[in-house]
Amino acid sequence: MNILQINSSARSTGSESTRLADALVAKLSAANPGAAVTRRDLAAQPHPVLDEVALQALFTPADQRNADQAARVALDDALIAQAQAADVIVIGAPTYNFGITAQLKTWFDAIARAGVTFKYGPTGPVGLLTGKKVYVALSRGGIHRDGPTDTQLAHLKMFLSFVGLTDVQYVFAEGLGMGPEAVAKAQAQADAEINAILA
């Protein structure tokens with residue numbers, strides 16, 4: 001089993017989404033001896049944003065790219081290869097201002113490539129990153145689950161499905177900004193969710 005862990009918190013320490021992602025990977029590894037784990041911390045290893053330079057490189061035919069363009073595309077290629085090689089993807093996804101982090105958006109932009117991770121068919125887009133299990137650990141300062149302010153979950157579901165990642169389970173830790181008792185309750189509930197889905 002190849003496990004890819006994506007940490008998207010801007011924090012190097014104290015991130016609840018990273019703690020939950022670590023817990024998921026630890027339990028998956030324990031249940032699958034010999035599993036190979038690749039961790040990518042998008043804050044410690046920031047990926048360049050999708051800007052005009054990147055777009056020009058991506059839309060230049062491979063045999064016509066200059067050295068800088070080839071190097072830029074190769075950065076995205078490496079992230080795509082990691083996702084393609086993974087049997088299981090674990091994503092730590094904190095909520096920043098009702099959405100995903102800039103770090104996670106940059107990873108999404110890097111792995112979404114027409115003809116590689118998705119294509120368009122006669123009825124619309126078809127995801128090509130199929131046959132993988134995905135776990136997403138979401139952390140929130142407030143309570144948003146199943147409410148109108150939970151725009152993050154809709155974005156995650158839409159994007160993951162778009163690239164073919166449809167077997168997804170979500171773990172929630174909410175109310176982390178609402179005091180010590182709320183933190184303890186959120187952590188206990190999230191840990192229980194992890195135990196339940198990996199039982």
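Arg-19 counts as partly exposed in this predicted model, because its relative accessibility is 28% (buried means under 20% relative accessible area, exposed over 50%, and partly exposed in between, with a 1.4 Å probe and protein chains only). Glu-16, by contrast, is buried, with a relative accessible area of 10%. The two residues form a salt bridge in which the closest N and O atoms are 2.8 Å apart; the term stands for a side-chain nitrogen of Lys or Arg within 4 Å of a carboxyl oxygen of Asp or Glu. Both Arg-19 and Glu-16 sit in helix 1 (residues 16-31), 3 residues apart, or about one turn of the helix. Helices here are DSSP runs of H or I with at least four residues, strands are runs of E with at least two, and both are numbered from the N terminus.

Arg-19 has another partner too: its side chain meets that of Asp-191 in a salt bridge of 3.2 Å, N to O. This pair links distant parts of the chain, with Asp-191 in helix 6 (residues 180-197) and Arg-19 in helix 1, 172 residues apart. Asp-191 comes out as partly exposed, at 27% relative accessibility. Put together, Glu-16, Arg-19 and Asp-191 are linked in a network of salt bridges. The count by this rule comes to 9 salt bridges.

As for the ground rules, residues are numbered from 1 along each chain as its sequence is written, and side-chain values use heavy atoms, with hydrogens and water left out. Since the model is predicted, local features need pLDDT of at least 70 and side-chain atom pairs count only at pLDDT 80 or more, while totals for chains, interfaces and linings use all residues.

Now to the sheet. It is an open one of 5 strands in the order 2-1-3-6-7, with parallel pairing; two strands pair if DSSP finds at least two bridges between them. Strand 2 (36-41) and strand 7 (167-173) stand at the edges with a single partner strand each, so one side of each is left without a neighbour in the sheet. Neighbouring strands are turned by 15° against each other on average, direction ignored. For these angles, axes are lines fitted to C-alpha atoms (for helices, over the stretch in contact), and values run from 0 to 180 degrees between N-to-C directions.

Strand 6 (residues 133-139) pairs with strand 7 in the parallel sense over 7 bridges, and Val-136 has Tyr-170 of strand 7 as its bridge partner. Helix 5 (residues 151-162) packs on the sheet and touches strand 3, strand 6 and strand 7, its direction making about 160° with that of strand 7; contact means heavy atoms within 4.5 Å. Helix 4 (residues 102-111) lies across strand 1 (2-7) and strand 3 (88-94), running at about 145° to strand 3.

Side chains also connect strands 6 and 7: Lys-133 and Asp-167 meet in a salt bridge (2.9 Å, N to O). With Lys-133 in strand 6 and Asp-167 in strand 7, the pair ties together parts that are 34 residues apart in sequence. Lys-133 counts as buried at 17% relative accessibility, whereas Asp-167 is partly exposed at 40%.

Finally, strand 4 (residues 118-121) and strand 5 (residues 124-127) run antiparallel and are joined by 4 bridges. A hairpin through 2 residues connects strand 4 to strand 5, and Phe-118 has Gly-127 of strand 5 as its bridge partner.
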